[in-house]
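User: I would like to go through how two chains meet in this structure, and to see the reasoning behind each term.

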Amino acid sequence: MGIRFILMVNKQGQTRLAQYYEYLNLEERRALEGEIVRKCLARNEQQCSFVEHRTYKIVYRRYASLFFLVGVDNGENELAILEFIHLLVETMDRHFGNVCELDIMFHLEKAHFMLEEMVMNGCIVETSKANILAPIQLMDKAS
Amino acid sequence: MGSSIMDSLFQRSLEDLIKGIRLNLLTEPTFISKSTDDIRREIKSTDLHTKSVALQKLTYLSALYGLDMSWAAFHVVELMSSSAFAHKKIAYLAAAHSFHAATDVSLLTTHQFRKDLNSANPFEVSLALHCFSIIATPHLARELTPEIFTLLSSSKPSIGKKAVAVILRVFSQYPDAARVCFKRLVENLESSDPHTLSAAMGVFCELAVKDPKSYLPLAPEFYRILVDSRNNWVLIKAVKIFGKLAPLEPRLAMRVVEPICEYMRKTGAKSLMFECVRTVVTSLAEYESAVKLAVVKIRELLVDDDSNLKYLGLQALTVVAPKHLWAVLENKEVVIKSLSDADPNIKLESLRILMVMVSERNVAEISRVLVNYAIKSDPEFCNEILGSILSACSRNVYEIIEDFDWYVSLLGEMSRIPHCQKGEEIEHQLIDIGMRVKDARLQLVRVGRDLLIDPALLGNPFLHRILSAAAWVSGEYVEFSKNPFELMEALLQPRISLLPPSIRAVYVQSAFKVLIFCLHSYLFYRETIACSPSSPDNFVSESKCPGSDSAIVAADCQQDEVFNPRASNQSFEDASTEDVEDITVTHAQIPNSASLGKDGFTHESIGNLLNLIEVALGPLSGSREVEIQERARNVLGLIELIKQELPGLVKKEGNFEREGLKFPKIIELMHDAFSKELGPVAANAQERVPIPDGLILRENLGDLEMICGNDQLPTSSSFSFGIPHSKEKVGLPQSKGESSEASTESTSLLAEHRKLHGLYYLPSEKNDVSNDYPPANDPKLQDNLNDDAKDLVKLTEQSLLQKKKPNHAKPRPVVVKLDEGDEAPIAAKKLELKEDLLSGAVRDVLLGNEAVSTSQSNLTDKSSSKRRGKEKLNTDHPSGPKEVLGDVGNPNMGNPSSRRSKHHGHGKERRHRSPRKKEKEREENGQKDKQKSSHRHNRHKSRQRAEGPNNVVTQTPLIPDFLL
């Protein structure tokens with residue numbers, strides 16, 4: 001499994017979205033998120049985007065006030081994951097129009113839905129923005 | 001009904017909830033708990049919409065605020081079966097978030113999953129697949145394998161690619177699914193849809209990482225993709241897969257190295273380029289030209305301004321370093337410069353590279369550079385550096401250290417670095433080297449002295465452990481000390497009150513050793529000189545030392561002789577080590593009477609020494625720490641005895657007249673005890689200590705428990721523990737009747753004690769076992785245990801001495817190693833059953849594949865007709881498919897002729913699985929038997945084919961000709 005979890009965390013360290021592809025119980029999740037946030041948020045823009053943590057490698061990127069953190073296996077290609085993060089942000093941008101933290105807070109399910117289209121069981125399965133957004137647009141129309 | 005309408009009318013939506021949380025920032029916890037109460041009420045509603053909103057809110061709170069939602073599992077299942085897509089969506093998200101292997105209601109979801117996976121609505125299928133990929137249990141995976149199998153070749157690419165991705169989870173939960181699905185998964189490699197292909201490559205990449213061997217037969221497919229694909233995601237995966245396969249098959253490596261280099265040269269995508277670099281340096285390191293190209297690319301990364309690329313470049317360099325040192329040397333400046341990068345991660349990587357480079361030749365140089373960096377660095381990185389120097393140098397029992405004097409000095413230097421927090425490790429190494437490397441002891445004592453006499457170091461708590469080691473080394477190897485008086489002063493300086501009690505105890509004990517050494521030298525030195533040249537026998541009879549045989553005494557003489565010249569050399573402090581050693585050697589051989597005159601021990605100096613100790617240790621005899629108190633009292637007791645008798649000591653013709661004096665005898669005994677060498681202890685030494693014949697733990701400890709149970713005893717009584725304990729050690733046989741009585745009585749006493757002093761006990765479920773041991777951490781017993789440990793050390797040392805034969809490598813001092821390894825025994829790795837099953841299943845299928853594809857041209861009918869007979873035999877057998885399982889579990893039993901042994905394996909296999917599950921499985925199999933006899937047939941065929949070459953394949957995988 002390439003991707004183990006995806007987190008979106010704001011500057012204050014509050015989790016805004018958490019998607020795990022392996023089961024961790026709630027305490028483990030809280031602990032993991034806390035540790036990662038402490039490690040990554042302390043780093044500045046000039047420092048590299050990769051942090052080793054426990055058995056994971058965290059690849060992260062900051063967009064405005066939001067940190068996108070992806071936990072991967074050690075062998076995973078870090079640069080590809082960075083591209084993936086960028087793709088995710090671009091996709092959200094296209095849907096919400098200049099995506100911000102509030103969009104994700106109030107449309108958490110949509111964000112999850114996009115992720116589901118992009119990542120399945122830790123594998124990246126879709127990289128076309130149009131394809132990712134098509135079902136959501138359909139659903140929006142229906143409702 | 002009325003209430004539910006009210007609920008739905010006045011229910012807060014998720015949006016309301018989120019807004020509410022934002023408004024109530026200060027009282028967030030109260031607000032959330034209030035909302036949870038609402039949710040608990042709402043979720044019971046019969047109205048599905050109310051229920052779904054409640055669940056939606058609950059999931060939100062659980063995911064982002066860590067609220068427990070396991071109690072709502074049943075509601076989740078209920079909502080999953082709603083026909084409305086909006087409800088389903090909420091329910092599936094909730095399930096994916098909160099269900100896990102132990103959620104029992106997940107059993108109830110089987111039917112719903114089946115229904116949704118078969119749904120005509122692709123969105124429903126997609127929802128179900130996603131949820132399934134996260135929460136699938138072995139049960140679900142087994143039940144739903146047919147559905148996934150169908151979806152694998154779905155006409156809708158959006159579904160097909162997801163099914164492909166899910167298959168990984170199915171395989172991990174239910175390996176036998178590979179027998180059904182694997183072929184179709186392979187077919188997806190030829191899919192025209194780029195995303196399906198990408199997903200399939202992702203799956204194969206994961207599979208190949210776990211067990212590359214099984215996927216070798218698919219190399220041609222992967223090769224085609226590697227060459228043809230234009231999608232970087234797919235190419236990265238392909239390169240990764242070949243990174244795993246190439247080391248197994250040299251011909252394959254030869255074949256792929258060119259395309260991979262091509263990508264490395266031409267691609268514009270850094271991610272693909274880096275993947276190629278990484279694959280070349282890890283798996284294709286023998287291909288000189290490829291590595292050269294990779295190193296060029298690494299250099300590009302290293303000098304890039306982007307810290308990400310720099311980091312990755314350093315990482316790649318770490319991988320190249322062991323095999324191609326030149327690559328690091330070429331980039332040496334960059335690496336060294338990175339040591340002071342602004343990014344701690346980059347610093348760490350460059351440190352790792354340097355540590356990989358360390359060898360016998362450059363260890364001194366690299367350590368020098370690093371220690372200089374450590375002094376300048378921030379505390380965290382400083383300790384990172386020190387830690388890696390320590391671990392690199394001590395690797396494999398100091399494998400790379402040739403000059404121990406240098407290393408010991410380095411340890412001393414590291415201790416003085418202000419940020420040093422590696423006290424524990426340095427302590428361990430100082431003592432370890434002392435025990436293992438005889439030749440390093442002189443330097444150890446020097447370094448120890450320097451540390452001990454510096455009063456400033458006592459103020460730094462991180463150094464206390466190091467000081468403890470220094471004190472121990474100085475005491476244990478005091479014969480190498482230039483000036484025992486100075487040492488004694490250092491050990492007894494007033495500032496040692498800053499040390500924690502356990503370390504002060506070490507100081508006191510070391511002072512004791514030094515004292516014994518001084519007294520012994522004073523008393524026996526002259527007479528040794530007088531006797532040893534003439535007749536040693538005389539001396540032995542004269543000394544009349546009970547318990548010490550002539551050999552030990554002789555050894556002692558030698559040690560004294562070794563010491564004396566050293567003591568006499570006090571004035572020549574500048575003398576180099578070699579000089580001193582030379583002198584030592586000559587003196588050891590021919591005792592030189594000239595050194596007599598310069599002997600540092602006079603009647604007066606000994607008197608001063610005794611006074612000094614008395615003054616320093618006097619206050620400690622009232623210490624509240626038993627360990628310090630006891631040791632101080634021991635020393636003081638001895639001094640008292642000596643002081644009484646010292647005036648009676650008169651010189652007679654250069655010898656002491658010792659008739660009627662007790663203390664010289666005591667000193668000699670003590671000295672013998674201390675001069676016994678301590679050796680390193682193997683981690684598994686304790687296991688090898690045989691239990692003495694007379695020792696029956698339970699009985700003796702029965703006594704002990706009685707005393708323990710009586711816990712109103714005053715603290716001072718802790719000393720009395722020595723009595724029953726020592727009895728036990730000696731193994732005196734006890735009268736049985738008495739002790740068994742005691743043990744029954746004592747059980748209750750012990751329980752009582754446990755209740756009162758629970759915190760001293762190790763937590764254990766096995767109460768009956770704990771009866772057999774003394775309370776492990778009882779501080780009262782500490783000193784007994786310490787003695788125990790010492791005994792153990794001696795004991796094991798003896799047993800080791802017989803075994804080991806140190807090889808005298810000329811240039812390097814002898815380092816004592818233990819035959820059976822110094823590391824704790826590593827438990828044999830258990831093969832992961834499921835992995836094993838999966839790779840077995842995959843291999844079966846693949847080899848079946850192989851046979852089919854090669855036989856396509858000819859023979860197809862023949863071979864299958866040949867097998868038909870056998871196949872029938874198998875299908876008739878009631879537990880056919882399970883036999884396959886057995887096969888896989890025991891790869892050696894792939895021989896078709898050994899049917900009986902296969903059954904054996906089958907039986908073994910069963911033990912791993914729960915009987916309940918097995919029953920079910922059998923039923924299942926029976927059912928499916930009828931349903932899908934066609935698949936079955938297929939499977940059997942492939943298995944039949946696989947059986948024969950199964951063993952062969954593991955060694956020489958079949959690589960199709962085109963790769964040659």
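Analyst: The axes of helix α4 (residues 108-118) of chain A and helix α6 (residues 85-98) of chain B come within 12 Å and cross at roughly 75°. This is a predicted model, in which local features need pLDDT of at least 70 and side-chain atom pairs count only at pLDDT 80 or more. Residues are numbered from 1 along each chain as its sequence is written.

User: Why is α4(A) called roughly perpendicular to α6(B)?

Analyst: Angles from 65 to 115 degrees count as roughly perpendicular, and the axes cross at roughly 75°, so α4(A) is roughly perpendicular to α6(B).

User: Which residues of α4(A) and α6(B) meet?

Analyst: A:Glu109, A:His112, A:Phe113 and A:Glu116 meet B:Lys89, B:Ile90 and B:Leu93, contact being heavy atoms within 4.5 Å. By class, this contact has three nonpolar, one polar and three charged residues.

User: What makes B:Arg278 and A:Glu78 a salt bridge?

Analyst: The term requires a side-chain nitrogen of Lys or Arg within 4 Å of a carboxyl oxygen of Asp or Glu; the closest N and O atoms of B:Arg278 and A:Glu78 are 3.6 Å apart, so the pair satisfies the definition. Between chain A and chain B the count is seven salt bridges.

User: What is the area buried between chain A and chain B?

Analyst: The area is about 5,000 Å², of which carbon and sulfur atoms give 56%, where buried area is the accessible area (1.4 Å probe) lost on putting two parts together, summed over both. A:Phe106, A:Glu109 and A:Met120 supply 14% of the area that chain A buries against chain B, more than any other three residues.

Technical notes
Chains lettered and ligands numbered in written order. Heavy atoms only, no water. Axes fitted to C-alpha atoms, helices over the stretch in contact; angles between N-to-C directions. Helix = DSSP H or I, 4+ residues; strand = E, 2+ residues; numbered from the N terminus. Parallel < 35°, antiparallel > 145°, perpendicular 65-115°, else oblique. Nonpolar A, V, L, I, M, F, W, Y, C, P; charged D, E, K, R; others polar.
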